Amino acid sequence: MEQLNSTVVPSNFSSPGHPPAPSWDSRGLVPAMVLSVCFLLGVPGNIAVIILRPNWQHLSSLSQSLMLNLAVSDLLCLLTLPLWIYTLLYGWILGLVTCKLLAYLIYCSIYSSMLTVTVLSIQRYLLVVRLQKFFDQGGRRRLLVLLWLVAIILSIPVLVVRQLTTDRQWITCHAVFSSEAQQVAVLLSETLIGFASISVVAFAYLSLKRKVNQDAFFNNPQTTKLVTTIIVTYFVLWVPYLILNMLGVAAVSSRSEGLLEFYVESSSIVGALTFVNSCVNPLLYAFASRNMCTICQKRAH
């Protein structure tokens, strides 16, 4: 997230030299292509989920609310991509306020999506493994409000650190930190939140898979495939970003110019990969959820 179009270099570090700004920046070509694919596939997919609500007739009201919230969160994030694609190639063309607000919107959307996936995994774990249902209509609304409130709070740092900088007439909207401690704190907080979410999702779905496989009546290769796909996809798309964050922390803490340069050069591509998650979520959680809800119904009865 923070890596997208961002060098995030402390003021007392010198970034690698850049040539005079051309008509477009070739360094942003690969992440721009990744984001373009995410936009072209993810926007129609999430709109289809919101309108069609496939296989939702057998889902609980809470599951429907969470998957609708997931689609809305991912759609909000993906709709901003054309501007970021242009920015990667030609530089930032809008002012500081727009820079901060759009970055904040992306963070809120991504955190909301991440939290929704986490809550979905917990809800399915409780329903299938513990046979517990929770939340009435009022409770569902309060849960969604709380989820967005947490996402809004977690995104506040981006309003502080996002700034406009100019490098040889090339204007960028990226993170500028006032100190090394501030950068380490931001990167560590993002990393801890990410690893916590991945751990909860992995535990919940692995427990669900183990419970299903214990009973031959529920043993279904499609369930195993779906659970494995959810965990592996979430892991593959987020772990590189989290590892790069840790490398950024190590680079700042050790004052390693080589490691910092690697962090800066890799940040745009790795940051772009996190948006693929918003692109594949419709396939994982909406269009492929019929088998999971069948398991939930059988366990409930």
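**Exercise 1. The kink in H9**

Find where helix H9 is kinked in this predicted model, and check its end-to-end span.

*Solution.* Start with the bend: H9 has a kink of about 45° at Val-280. Next, look along the chain, where the proline Pro-282 follows shortly after Val-280. Now turn to the span. H9 has 30 residues, so at 1.5 Å a residue the helix should span 44 Å. The end C-alpha atoms of H9 are 45 Å apart, which agrees with that expectation.

**Exercise 2. Two tyrosines in H3**

How many aromatic pairs does a search of the whole structure find? Classify the pair Tyr-86 and Tyr-90 as stacked, tilted or edge-to-face.

*Solution.* The search returns five aromatic pairs. For Tyr-86 and Tyr-90, the ring centres lie 4.9 Å apart and the planes meet at 35°. Stacked would need an angle under 30 degrees and edge-to-face one over 60, so this pair is tilted. Then consider the backbone: both tyrosines sit in helix H3 (residues 81-90), four residues apart, and so are separated by about one helical turn. A handy reminder is that an α-helix has 3.6 residues a turn, so residues three or four places apart point the same way. Finally, check the accessibility: Tyr-86 is partly exposed at 37%, and Tyr-90 is partly exposed at 39%.

**Exercise 3. A pair between helices**

Work out the geometry of the rings of Tyr-125 and Phe-203, and place both residues in the chain.

*Solution.* The centres are 5.7 Å apart and the planes are at 50°, so this pair is tilted. Tyr-125 belongs to helix H4 (residues 96-128) and Phe-203 to helix H7 (residues 180-214). With their positions 78 residues apart, the two link distant parts of the chain. Tyr-125 has a relative accessible area of 13%; this is under 20%, so Tyr-125 is buried.

**Exercise 4. The salt bridge**

Which side chains meet in a salt bridge, and where do they lie?

*Solution.* The structure holds one salt bridge. Its partners are Glu-180 and Arg-255, at 3.3 Å from N to O. Glu-180 is in helix H7, while Arg-255 is in the loop between helix H8 (221-254) and helix H9 (257-286). The partners are 75 residues apart. Arg-255 has 52% relative accessibility, so Arg-255 counts as exposed.

**Exercise 5. The largest nonpolar core**

Which helix gives the most to the largest nonpolar core?

*Solution.* This core has 74 residues, and those with the most contacts inside it include Leu-35, Trp-238 and Phe-275. Several helices supply at least two residues each, among them H1 (29-52), H5 (137-154) and H9. H4 gives the most, with 16 residues.

Technical notes
Residues numbered from 1 in each chain as written. Predicted model: local features only at pLDDT ≥ 70, side-chain atom pairs only at ≥ 80, totals over all residues. Heavy atoms only, no water. Phe/Tyr/Trp six-rings, centres within 6.5 Å; stacked < 30°, edge-to-face > 60°. Buried < 20%, exposed > 50% of the residue type's maximum accessible area, 1.4 Å probe, protein only. Salt bridge = Lys/Arg side-chain N within 4 Å of Asp/Glu carboxyl O. Expected span 1.5 Å × (residues − 1). Bend = angle between axes of the 7 residues up to and from the residue. Core = buried A, V, L, I, M, F, W, Y, C linked by side-chain atoms within 4.5 Å.
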